[in-house]
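Biologist: Before we begin, I would like you to show me the chain and then explain, one term at a time, how each description is reached.

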Amino acid sequence: MLVLVVAAVCVRLGFWQLERLAQRRALSTLAAERMARPAIDIDRVPGDSADAVWLRARLSGGCEGAQFVLAGRSRHGAPGVHLLCRFRTDGGRAILLDRGWLPSADARSVSPEVYARAPRDTSMVALLVPFPPGRASARSGTTPRLSEADGGVALGPAEPRVIYRLNRAQASAATGIDLPGWYAQALGPADRPPIPADPPDPGAGPHLGYAVQWFSFAAIALIGWLVLVLDPRHRRGAPALRAPRAGSRDETHP
């Protein structure tokens with residue numbers, strides 16, 4: 001009974017992974033279809049995330065307020081950050097803009113000049129990407145940095161805000177506005193920093209491999225149980241084999 005219960009659970013988990021695979025493929029098809037559409041004006045994009053994600057949109061306006069970074073972002077093996085800002089469109093709409101990737105030796109800080117070069121009165125095309133789920137941590141950046149100065153230390157400028165994971169709640173807190181379920185990811189050539197991030201690839205995910213694993217576990221449990229049951233040495237009531245006693249011999253003579 002225990003083997004049957006384990007096998008049934010494994011089979012159910014395998015079918016659950018196949019359901020997840022079908023959902024993931026449907027999402028990939030939807031994303032590819034929407035990304036192939038012509039870009040529309042950002043002020044015409046609906047606020048509902050289900051109708052807006054994976055669309056390409058034209059942005060006209062500029063960054064406002066202090067920029068901040070998404071730490072721990074690598075590109076081709078090089079450490080770096082993503083530079084983020086609150087973008088105000090010409091139509092008055094405020095969104096979160098991921099400007100792209102910047103190299104950073106510690107994957108969390110960049111030079112002050114980079115923060116001072118926030119784009120104003122600019123136009124670009126961006127992809128509307130859904131916020132990933134989960135909670136995120138942040139550092140306010142209100143603590144001044146210490147730097148060496150003539151035999152002692154001096155207080156330097158405070159670091160900009162740094163976040164380590166990106167979700168809707170954290171981005172809303174960093175920008176000071178209530179954001180929709182998506183953010184804008186700048187598109188364009190990678191000829192100068194910040195380098196636009198590659199469009200996310202929803203893909204099929206690992207669900208097919210997980211399904212095969214669960215079905216394999218069920219097969220192993222059932223086959224192992226059958227081998228154990230059919231083995232004559234483990235059958236109930238099977239006569240035990242006795243080793244011949246030392247010195248015994250066959251008394252039968254021709």
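Modeller: This is a predicted model, and its chain has a secondary structure of 5 helices and 10 strands. Buried residues make up 34% of the 254 residues in the chain, while residues 24 or more positions apart account for 66% of the contacts with a separation of 6 or more.

Biologist: Why does Ser104 count as buried or exposed?

Modeller: The relative accessibility of Ser104 is 5%, and buried means under 20%, so Ser104 counts as buried. Ser104 lies in the loop between β4 and α3 (112-116).

Biologist: How do you know which backbone atoms make polar contacts with the side chain of Ser104?

Modeller: A polar contact needs a pair of N or O atoms within 3.5 Å, one able to donate a hydrogen and the other to accept it. A polar atom of the Ser104 side chain lies 3.3 Å from the backbone nitrogen of Arg108, and a polar atom of that side chain lies 2.6 Å from the backbone oxygen of Ser109. Leaving aside neighbours within four places in sequence, Ser104 is also in contact with residues including Pro79, Gly80, Val81 and Val110.

Biologist: What makes a set of residues a nonpolar core, and which members of the largest one touch the most others?

Modeller: The members must be buried residues of the nonpolar kinds that the term allows, joined through side-chain atoms within 4.5 Å. The largest such core has 36 residues, of which Ile42, Leu59, Leu96, Leu97, Leu128, Leu166 and Trp182 touch the most other members. Two or more residues come from each of β2 (56-70), β3 (80-89), β4, β5, α4 (168-175) and β10 (182-186). A second, separate core of 9 residues includes Leu83, Val110, Val114 and Val162.

Biologist: What is Leu59 in contact with, once its neighbours within four places in sequence are left aside?

Modeller: Among the contacts of Leu59 are Ile42, Phe87, Ile95, Leu97, Met124 and Ala184.

Biologist: How do you know where empty space is left?

Modeller: Rolling a probe the size of a water molecule over the atoms shows it. The largest pocket has a volume of about 490 Å³, and of the 19 residues that line this pocket, the closest to its centre are Arg99, Met124, Arg192, Pro193 and Pro194. The elements that give two or more residues to the lining are β4 (94-103) and β5 (122-130).

Biologist: How does the lining divide into nonpolar, polar and charged residues?

Modeller: The lining of the largest pocket divides into 12 nonpolar, 3 polar and 4 charged residues. Arg counts as charged, whereas Met and Pro count as nonpolar.

Methods
Residues numbered from 1 in each chain as written. Predicted model: local features only at pLDDT ≥ 70, side-chain atom pairs only at ≥ 80, totals over all residues. Heavy atoms only, no water. 1 Å grid on protein atoms, 1.4 Å probe; cavity = no way out; pocket = protein on both sides within 12 Å on 5 of 7 lines; lining within 4 Å. Points joined across faces, edges and corners; volume = space filled by probe spheres on them. Helix = DSSP H or I, 4+ residues; strand = E, 2+ residues; numbered from the N terminus. Buried < 20%, exposed > 50% of the residue type's maximum accessible area, 1.4 Å probe, protein only. Contact = heavy atoms within 4.5 Å.
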